[in-house]
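Welcome, and thanks for opening the viewer. Please load the model, switch on a cartoon with side chains available on demand, and follow along stop by stop.

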Amino acid sequence: DIYQTGALMYALLTGRPPATGQSYEIMSQTMRGESFKRVSKRRPEASEKIDAAVAIALERNKNDRYDSITDFRKALYALRTGGRSPPIVSDRIES
């Protein structure tokens, strides 16, 4: 799903997972809809656009995430190729 892919991308960019703890604790927090504190900062060489694109995938509320994994892929592809950022990413950067 989108959250798991976002978690993987987050770990690739920072070298650490977006949440720590025992799997039961993480599952409980997820089910209660609690936000996780990010455990590490993005790598300085990663652009804020990439950070914003990944952060959208990690939103706790499903309505705040991408509509599909394809949309997430398109956002990352546009950023990698210098294409136009999707509105959801541009809006995140501006806020």
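Leaving aside its neighbours within four places in sequence, which residues is Phe72 in contact with? Select Phe72 and find out: the list is Thr5, Gly6, Met9, Ala53, Val54, Ala57 and Tyr66. Keep in mind as you look that this is a predicted model.

**Stop 1: the whole chain**

Zoom out for a moment. The protein chain holds five helices and zero strands, so a cartoon colouring by element will read α-α-α-α-α along the sequence. If you colour by burial, 33% of the 95 residues count as buried. A surface display covers about 6500 Å² of accessible area, and carbon and sulfur atoms own 50% of that. For a contact map, take the contacts with a separation of 6 or more: 59% of them join residues 24 or more positions apart.

**Stop 2: the aromatic pair**

Go back to Phe72 and add Tyr66. A search of the whole structure finds one aromatic pair, and these two residues form it: Tyr66 and Phe72 are stacked, with 5.0 Å centre to centre and 25° between the planes. Are the two rings' residues buried or exposed? Phe72 has a relative accessible area of 1%, so it is buried. Tyr66 counts as buried too, because its relative accessibility is 5% and the cut-off is under 20%.

**Stop 3: helix α4**

Now select residues 69-81, which make up α4. This helix has 13 residues and reaches 18 Å from its first C-alpha to its last, close to the 18 Å expected at 1.5 Å a residue. Show the side chains of Phe72, Ala75, Ala78 and Leu79, the buried residues of α4. They are on the same side of α4 because they cover an arc of only 130° around the axis. What covers them includes α1, α3 and α5. Step just past the end of α4 and you come to Gly82, which takes a positive phi of about 80°.

**Stop 4: the largest nonpolar core**

Next, select Ile2, Ala52, Ala53, Ile56, Ala57, Tyr66, Phe72, Ala75, Leu79 and Val89 and draw them as spheres. These 10 residues are the largest nonpolar core. Which elements give two or more residues to this core? They are α3 and α4, and α3 gives the most, with four residues. Apart from this core lies another, of six residues, including Tyr3, Ala7, Leu13 and Val54. As background, nonpolar side chains tend to be buried together in soluble globular proteins.

**Stop 5: helix α1**

Select residues 2-14, the helix α1. It has 13 residues and spans 18 Å from first C-alpha to last, close to the 18 Å expected at 1.5 Å a residue. The buried residues here are Ile2, Tyr3, Gly6, Ala7, Tyr10, Leu13 and Thr14. Why do they sit on the same side of α1? Their arc around the axis is only 135°, which puts them there. These buried residues pack against α3 and α4. Turn the helix over and, on the other side, you will find Gln4, Leu8 and Leu12 exposed.

While you are in α1, pick Ala11, which lies in this helix. Ala11 is partly exposed, with a relative accessible area of 28%. Leaving aside neighbours within four places in sequence, Ala11 is in contact with Arg16 and Pro17. After α1 comes Gly15, whose phi is positive, near 85°.

**Stop 6: two loop residues**

Move on to Pro18, in the loop between α1 and α2 (23-32). Its relative accessibility is 10%, so Pro18 counts as buried. Draw a distance from Pro18 to Ala55: they are 37 residues apart in sequence and 10.0 Å apart in space, C-alpha to C-alpha.

For the last selection, take Ser85, in the loop between α4 and α5 (87-94). Is Ser85 buried or exposed? Ser85 counts as buried, because its relative accessibility is 11%. Show what surrounds Ser85: beyond its neighbours within four places in sequence, Ser85 is in contact with Lys49, Leu79 and Ser90. Leu79 is a residue you have already displayed, as one of the buried residues of α4 and as part of the largest nonpolar core.

Conventions: Residues numbered from 1 in each chain as written. Predicted model: local features only at pLDDT ≥ 70, side-chain atom pairs only at ≥ 80, totals over all residues. Heavy atoms only, no water. Buried < 20%, exposed > 50% of the residue type's maximum accessible area, 1.4 Å probe, protein only. Contact = heavy atoms within 4.5 Å. Areas by Shrake-Rupley, 256 points an atom, 1.4 Å probe, with all protein chains shown as cover. Expected span 1.5 Å × (residues − 1). Arc of directions from axis to C-beta. Core = buried A, V, L, I, M, F, W, Y, C linked by side-chain atoms within 4.5 Å. Phe/Tyr/Trp six-rings, centres within 6.5 Å; stacked < 30°, edge-to-face > 60°.
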